Structures are given as C-alpha cells and as structure tokens.
Amino acid sequence: MTRYDVVIVGTGHGGAQAAIALRQNGFEGSIQMIGRDANPPYERPPLSKEYLAGEKPFERILIRPAQFWADKDIGLTLGETVSKIEPELKEVVLGSGERVGYGRLIWSAGGDARRLSCPGSHLDGVHAVRDRRDVQNLKADLDAGAEKFVVIGGGYIGLEAAAVLRKLGCDVTLVEAEGRLLSRVAGEDMSRFFAEEHRRQGVDVRLGCQVERLEGDDRVTGVTLADGETIPCDAVVAGIGIVPSVGPLIAAGAAGANGVDVSDICHTSLEKVYAIGDCAAHANPYANGAVVRLESVQNANDMATTVAKAICGDPQPYDAMPWFWSNQYDLKLQTAGLSVDYDTTVLRGNPEERSFSVIYLRDGVVIAVDAVNRTKDYAQGGKLVKVRAQVAPELLMDTDVPLKEML
C-alpha cells in the first residue's frame with residue numbers, strides 16, 4: 001500500500017484546483033489525485049457548448065497541459081474509482097481492491113448525471129452531458145446521421161445542448177416538466193425570454209410536460225408524454241440534474257443528506273476529510289444562510305482554495321460570491337449571487353433588444369443579478385451583491401445610471 005500526504009478524489013475543476021492551490025500555497029508533501037475519468041483534468045462547461053459543437057478540440061479544454069502535473073509532482077491515478085473509505089485507518093479502497101493511505105483526504109467527486117427512470121431509459125441513443133465520454137457518444141450519433149432530438153430538461157445543460165444541436169441543423173424538441181425554463185435558478189422574466197428565444201431559433205419548447213416513457217426496441221425512436229403524444233426522434237439528451245457522488249463518504253459515517261455536509265472551511269464530520277464542489281452542502285451567506293450545494297466552476301475552485309489554505313495552516317472561511325454563466329446562440333447569460341427567496345425583481349433594459357438584466361432583491365437588498373449580453377451590469381451588479389447594497393428599484397431600472405454609481 002502507498003500512502004500520500006494528500007489524496008484528492010476527483011479530477012474535475014475542484015480536484016485539479018485543490019492540487020494546484022496546495023502547491024501555490026507552498027505545500028511540499030506528496031499529492032495523489034484519483035479520478036474515474038480516463039483523461040487528465042479537463043474543463044466541463046465546454047462539453048455542452050464548444051466541444052459538442054466541434055469548435056474546440058479536447059486539448060484546448062484541458063485544465064493544464066498533461067505534463068504540468070508531473071512537473072508539479074502531482075500524481076494522477078486515472079480510470080479508477082474509490083469504493084470505500086476507512087477513516088480510522090486513513091485509507092481509501094479503490095475499485096480494483098488496491099488500498100491508498102492518506103494524511104488528509106479531499107473529496108471532489110462531483111456527481112453523476114441523473115438518469116431517466118421511465119420505461120425505455122436504457123435504450124441506445126439516450127445521452128447525458130456530464131463527461132467527455134458522454135459527448136463522444138452523442139457526437140457518434142450525430143456523425144451516424146441523427147437529426148431529430150428530444151432534449152429533456154430546461155436547465156442550463158438542456159438549453160445549451162438544444163442551442164448547439166440547432167446550430168448543427170438538427171430538429172430539436174425540448175421538454176420541461178415545470179411550467180417555465182430555468183425555474184430553479186432564474187425569475188420569470190429570464191425564463192420567458194429564453195423560452196421565446198429558443199422558439200425563435202426553431203426549438204419546439206414544451207413546458208409543463210411529463211415524460212411517460214421512451215419508445216423503441218434496442219434504440220430510442222420516440223418520447224411519449226403523459227398526455228399520450230409521442231414525439232419521434234433519433235436520439236434523446238437528458239439534462240435533469242445530478243446525483244451527488246458521496247456514497248463512500250456517507251457509508252463511512254460522514255454527515256449529509258443532500259450531498260455531504262461541510263464546515264466553513266469545507267471539512268466533513270470525518271477526521272482529516274474535506275469535501276468540495278458540486279457534492280458539498282454548506283451554509284452559504286449568499287443564500288440567506290441556507291444549506292445549499294452549488295454546481296459551478298466558481299464554487300469548486302473557491303472551495304478548493306479554501307481547503308488548500310486550511311491544510312497549509314491559513315484557515316479562512318469560505319465566503320465567495322457565487323457566479324455562473326451560460327452561452328446559448330449569441331447570448332451570454334452571466335449571473336452574480338443567488339436569487340434565493342427574492343421578493344422583488346427589477347427589469348433593467350429591454351429583452352427585445354437581446355441585452356438586458358434582471359436584478360433580484362430581498363427586503364430591499366440586492367441579492368443577485370442575471371445579465372444577458374450586458375457584461376457591465378454583471379460586473380457592477382456583482383459588487384452591489386457583495387456589499388448587500390440597498391437600492392431603490394426605480395433607480396436600478398434606469399439604464400442611464402451605471403450600477404457602479406449605486407454603490
């Protein structure tokens with residue numbers, strides 16, 4: 001058995017940044033990253049955007065060149081899972097049965113794409129968009145002539161996939177169970193705008209529709225809705241969220257319900273074990289103190305830096321402002337803050353001009369900004385969010401007054 005000073009489980013954004021940040025903060029001990037992906041660390045957001053569209057080769061979405069990890073004396077164990085944690089021994093057991101010892105463990109395993117559970121979900125031609133292999137399988141269908149797609153799910157992943165498929169000339173129907181798009185992350189103004197935009201681009205957007213089953217023998221040929229209608233298709237893309245990958249942690253006794261619970265320095269209830277990224281449930285000041293999981297590159301990277309500082313003897317509570325982005329067609333949606341429990345929205349600009357913002361307030365305080373093709377509003381609005389600015393809605397609405405003047 002080999003023992004390392006730090007073992008990092010997960011080779012996505014969080015895991016990669018944890019290793020990088022440890023070295024940047026002067027950590028000289030041994031570091032070993034373990035990831036189930038067969039590839040060295042790479043960026044996930046481009047998978048549903050530029051990589052799917054064929055605009056970026058895989059080499060351009062690597063987080064660092066492959067040689068970087070060896071140069072920094074960071075070991076990579078790829079194509080391997082962790083099946084068990086034994087905290088008393090400070091060891092992890094790999095899927096192969098090999099044991100690996102750790103001084104500290106950083107769990108950054110993220111999550112698995114939530115799979116459809118309806119009849120027919122096992123058929124060929126049903127895709128997720130979570131890792132490189134998922135997108136390679138989807139590209140293989142496109143190369144084989146697939147033209148009619150049903151996208152299930154109206155969140156970021158579903159909308160981005162729909163936009164790329166339309167750009168590639170495919171016939172796309174998007175099915176969303178809720179009554180509006182982006183219902184978990186944005187207000188009605190933004191939901192309405194993106195529904196209208198996708199329809200304008202030729203996507204058949206179906207809201208408030210439940211999927212009953214997928215049709216086909218070996219391969220999917222259609223999606224049947226709860227009202228009995230069957231939408232013919234060559235392939236399906238399911239973008240219905242993720243399931244946090246925390247099984248070994250919970251089995252080892254770590255506290256957690258939705259993911260794994262972590263402290264303000266991302267420590268779990270297990271000794272010497274941290275968790276970061278999509279799977280880490282934490283009390284977030286930008287969510288009005290609610291315990292949340294944030295599925296974003298920002299959260300993964302900032303949590304990784306928090307853990308690296310703690311390990312290097314400089315513990316600083318995680319207090320980063322959340323931010324997100326989504327590219328669809330020629331639209332860039334940028335979000336600062338979390339619109340949790342908002343009671344007021346302010347529309348700044350005209351959606352018909354395809355450049356506008358929605359500002360969210362709670363008790364008169366700016367808590368989040370959604371900006372479409374308005375980078376200045378995103379950047380300046382983020383500062384309002386950080387300082388918990390209290391600004392009159394009529395002033396926020398005035399596009400002649402820059403948001404920075406409201407600080």
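In this predicted model, the largest nonpolar core brings together 49 residues, and the ones with the most contacts inside it are Ile-85, Val-92, Ile-106, Trp-107 and Leu-249. There's also a second, separate core of 42 residues, with Leu-62, Leu-174, Leu-182 and Leu-331 among its members. As a general rule, nonpolar side chains in soluble globular proteins tend to be buried together. Back in the largest core, Leu-249 is a handy residue to look at. Leaving aside neighbours within four places in sequence, Leu-249 touches Ile-85 and Trp-107, along with Ala-254, Val-260, Leu-270 and Val-273.

Next comes Glu-86, which sits in strand E4 (residues 82–86). Glu-86 counts as buried because its relative accessibility is 12%, and the cut-off for buried is under 20%. Its side chain makes a polar contact with the side chain of Lys-84, at 3.4 Å. Again setting aside neighbours within four places in sequence, Glu-86 is in contact with Glu-91, Val-93, Arg-99 and Tyr-102.

Further along the chain there's an open sheet of five strands, arranged in the order E21-E22-E25-E24-E23 with antiparallel pairing. Strand E21 (323–328) and strand E23 (344–350) each have a single partner strand, so they stand at the edges with one side left without a neighbour in the sheet. On average, neighbouring strands here are turned by 15° against each other, direction ignored. Within this sheet, E22 (residues 331–337) and E25 (residues 365–372) run antiparallel and are joined by five bridges. Gln-334, for one, has Ala-371 of E25 as its bridge partner.

Terms used. Residues are numbered from 1 along each chain as its sequence is written. This is a predicted model: local features need pLDDT of at least 70, side-chain atom pairs count only at pLDDT 80 or more; totals for chains, interfaces and linings use all residues. Side-chain values use heavy atoms; hydrogens and water are left out. Two strands pair if DSSP finds at least two bridges between them. Helices (H or I, at least four residues) and strands (E, at least two) are DSSP runs, numbered from the N terminus. Axes are lines fitted to C-alpha atoms, for helices over the stretch in contact, and angles run from 0 to 180 degrees between N-to-C directions. Buried means under 20% relative accessible area, exposed over 50%, partly exposed in between (1.4 Å probe, protein chains only). A polar contact is a pair of N or O atoms within 3.5 Å; within protein, one must be able to donate a hydrogen and the other to accept it, and residues adjacent in sequence count only if both atoms are side-chain atoms. Contact means heavy atoms within 4.5 Å. A nonpolar core is a set of buried Ala, Val, Leu, Ile, Met, Phe, Trp, Tyr and Cys residues joined through side-chain atoms within 4.5 Å.
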